[in-house]
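Trainee: I would like to learn how to read a protein model. Please take me through a few features.

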Amino acid sequence: MVTGGPRRRDGREPSLHQLRLFLVLAEELHFGRAAARMFISQPALSQQMRALEERLGVCLLQRRGGSLSLTPTGEALAEQARHVLEAMAQLLRVSDTHAGTVRGRLRIGSLGAEAAMPHATRVLDRLRSRHPHLEIEVRNLNFVEQFNALADGTVDAAFLRAPLPSGFQSIELATEPRVVCLPADDPLAHEKELTLAQIADRAIVDMPSEVPRLWWDHLTVNPRPDGTPVRYGPVVRDTEAMVLAVLQKRAITFLPAAARRLYPRPGLTYVDAPELGNSVSCLAWLPANRDVPAVHALRIAARPGGPPLEGGPQPDESAAGK
């Protein structure tokens, strides 16, 4: 780069873009890698660094042989550049807070087709309309991932089915009946309603060991009211595998009534079973994340017409496991 002392041009402060480029180059100490990280060409990066040195009137970089390093001045100014960018980020955060603007990325998990349910799409539509600058990413989760992804921060919130393990907070979004999913040629397939006693001899699909046992025992009514344990069959990791196991006549399963619309398959039938009770859809998050701006905005979108969310859990929020 520049080896002499560039002459400073007064009134030409460096741009934030130039400072960001400089910091990436200071980390990589390689023009090719830094240019790739910033999605610009290597000549364009070199041109920006020359312009930055000219504006500041100092030498920031030096080449020795095939290596690139920071000059002492470059090392000192890199630290100041970080402070400048952090201060600007904080300024924008404060500005967004006062303007009610939420930016950044919100990662929302969805157990199977939960995000496609009408109550979930309404929440997402409200969120997008109120916060157009917020990037929303929906990730599909299987039975094993649904709680782990929330716990380890892979997602910020998730559309799930109750009951939730302890350690999560949630808002109830909707309830619907649960139904029995069984092969279309099963002798019970043409019944209008089924009781737990009628299916006592049928194997029920099972969950992997990583899935909280209390969750699946609750959803399969294990043990049954008379104390009889459920006989479990093949282990599945997602709803598609669950439906396939039923089609293959390896077991039956219980699903929300919406499965009739979301998972229609030739060879399957769904029969009402009032004894199974209702299935509860919920939006869940970690208590530590409840007031993160993007999660806070999602919670408000899930509560149309409600007051601003402040303080402790609201009337329609619950702490799982309590």
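Mentor: We will go through the fold, one helix pair and some backbone features. Keep in mind that this is a predicted model.

Trainee: How many helices and strands are there in the chain?

Mentor: The chain has 10 helices and 12 strands. Of its 322 residues, 43% count as buried.

Trainee: How are two packed helices described?

Mentor: Two numbers are used: the angle between the axes and the distance between them. Here, helix α5 (residues 118–130) packs with helix α10 (residues 293–301) at about 125°, and the axes are 8 Å apart. That angle makes α5 oblique to α10, and their crossing is right-handed.

Trainee: Which residues of α5 and α10 meet?

Mentor: Val123, Arg126, Leu127 and Arg130 of α5 touch Ala297, Leu298, Ile300 and Ala301 of α10. By type, this contact has 6 nonpolar residues, no polar ones and 2 charged ones.

Trainee: What should I look for in the backbone?

Mentor: Most peptide bonds are trans, and most residues other than glycine have a negative phi, so look for the exceptions. One cis bond joins Ala162 and Pro163, with omega about 5°; Pro163 lies in the loop between β5 and β6. The bond from Asn222 to Pro223 is also cis, with omega near -5°, and Pro223 sits in the loop between α7 and β8.

Trainee: Which loop holds Leu29, and is Leu29 buried or exposed?

Mentor: Leu29 is in the loop between α1 and α2. Its phi is positive, near 50°. Leu29 counts as partly exposed because its relative accessibility is 34%.

Conventions. Residues numbered from 1 in each chain as written. Predicted model: local features only at pLDDT ≥ 70, side-chain atom pairs only at ≥ 80, totals over all residues. Heavy atoms only, no water. Helix = DSSP H or I, 4+ residues; strand = E, 2+ residues; numbered from the N terminus. Buried < 20%, exposed > 50% of the residue type's maximum accessible area, 1.4 Å probe, protein only. Axes fitted to C-alpha atoms, helices over the stretch in contact; angles between N-to-C directions. Parallel < 35°, antiparallel > 145°, perpendicular 65-115°, else oblique. Left-handed = near helix turned anticlockwise from the far one by under 90°. Contact = heavy atoms within 4.5 Å. Nonpolar A, V, L, I, M, F, W, Y, C, P; charged D, E, K, R; others polar.
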